[in-house]
Amino acid sequence: MVADTYAGSSVVGGVGRDARHAGGAPRHTDARPSLDAVLELRRDRMSTVRQVIEALTDESLGHRTEPVEGPGWPEPRSYPVRECLLVILNEEWEHRLYAERDLDALEAHGA
């Protein structure tokens, strides 16, 4: 999830990278987690993003992240905090658009 990589790993400093690999979202296509498990994971990730945003100041928004070494995304380099947050907001917006599109299609087909 984008919240793991940009809020957890980059902005908070490595928190998300471990969560993605141990106890995070399944990484194989045959995984079928329950809705409750997915929603709990989502609430946890959004809590991290909320904490980052609540702690922001004008000064911290201008900072750069420390590189987080190891496998995963984003690449281990320094990123502007502002850029990390814009990536999260853009991804959240796009996912909302996909969900609304899909719900409209299901409704149109009487599902």
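**Notes on a predicted all-helix chain**

1. Let's begin with a charged pair in helix 5. Arg96 forms a salt bridge with Glu100, and the closest N and O atoms sit 2.7 Å apart. This is a predicted model, by the way, so read every distance here as a property of the prediction. Why can these two reach each other? Arg96 and Glu100 are 4 residues apart in helix 5, so about one helical turn separates them. Glu100 itself is partly exposed, at 33% relative accessible area.

2. As background, side chains of opposite charge can pair when their charged atoms come close. How many salt bridges does the whole structure hold? The search turns up 5. Two others are worth a look, and they come next.

3. Glu92 and Arg42 meet through their side chains in a salt bridge, at 2.6 Å from N to O. This pair links distant parts of the chain: Glu92 belongs to helix 5 (residues 81–108) and Arg42 to helix 3 (residues 35–54), with their positions 50 residues apart. Both partners are partly exposed, Glu92 having a relative accessible area of 24% and Arg42 having 32%.

4. Arg45 and Asp44 make another salt bridge, again with an N to O distance of 2.6 Å. Buried or exposed: which is Arg45? Its relative accessible area is 5%, and a residue under 20% counts as buried, so Arg45 is buried. Asp44, in contrast, is partly exposed at 38%.

5. Now the nonpolar side of things. The largest nonpolar core has 6 residues in all: Met46, Val49, Val52, Val81, Leu85 and Ile88. Helix 3 and helix 5 are the elements that give two or more residues to this core. In general terms, nonpolar side chains tend to be buried together in soluble globular proteins.

6. Helix 3 deserves its own check. With 20 residues at 1.5 Å a residue, helix 3 should span 28 Å, and its end C-alpha atoms are 28 Å apart, so the two agree. Which residues of helix 3 are buried? They are Leu41, Arg45, Met46, Thr48, Val49 and Val52. Looking down the axis of helix 3, these buried residues fall within an arc of 150°, so they line one face of the helix. Turned away from that buried side is a face carrying the exposed residues Leu35, Asp36, Gln51 and Glu54. A leucine, Leu35, is thus listed among the exposed residues of that face.

7. A smaller item: Ser60. This serine is placed in helix 4 (residues 58–61). At 18% relative accessibility, Ser60 counts as buried, because the cut-off is under 20%. Setting aside neighbours within four places in sequence, Ser60 is in contact with Ala55 and Val81. Val81 also appears in the core of point 5.

8. Finally, the overall picture. The chain has 5 helices and 0 strands, and from the N terminus on its elements run α-α-α-α-α. Of the 111 residues, 26% count as buried. Among contacts with a separation of 6 or more, 60% come from residues 24 or more positions apart. What share of the exposed surface do carbon and sulfur atoms supply? The chain exposes about 7700 Å², and carbon and sulfur account for 56% of that area.

Terms used. Residues are numbered from 1 along each chain as its sequence is written. This is a predicted model: local features need pLDDT of at least 70, side-chain atom pairs count only at pLDDT 80 or more; totals for chains, interfaces and linings use all residues. Side-chain values use heavy atoms; hydrogens and water are left out. A salt bridge is a side-chain nitrogen of Lys or Arg within 4 Å of a carboxyl oxygen of Asp or Glu. Buried means under 20% relative accessible area, exposed over 50%, partly exposed in between (1.4 Å probe, protein chains only). A nonpolar core is a set of buried Ala, Val, Leu, Ile, Met, Phe, Trp, Tyr and Cys residues joined through side-chain atoms within 4.5 Å. The expected span of a helix is 1.5 Å times one less than its number of residues. The arc is that of the directions from the helix axis to the C-beta atoms. Contact means heavy atoms within 4.5 Å. Accessible areas come from the Shrake-Rupley method with a 1.4 Å probe; for residues, only the protein chains shown count as cover.
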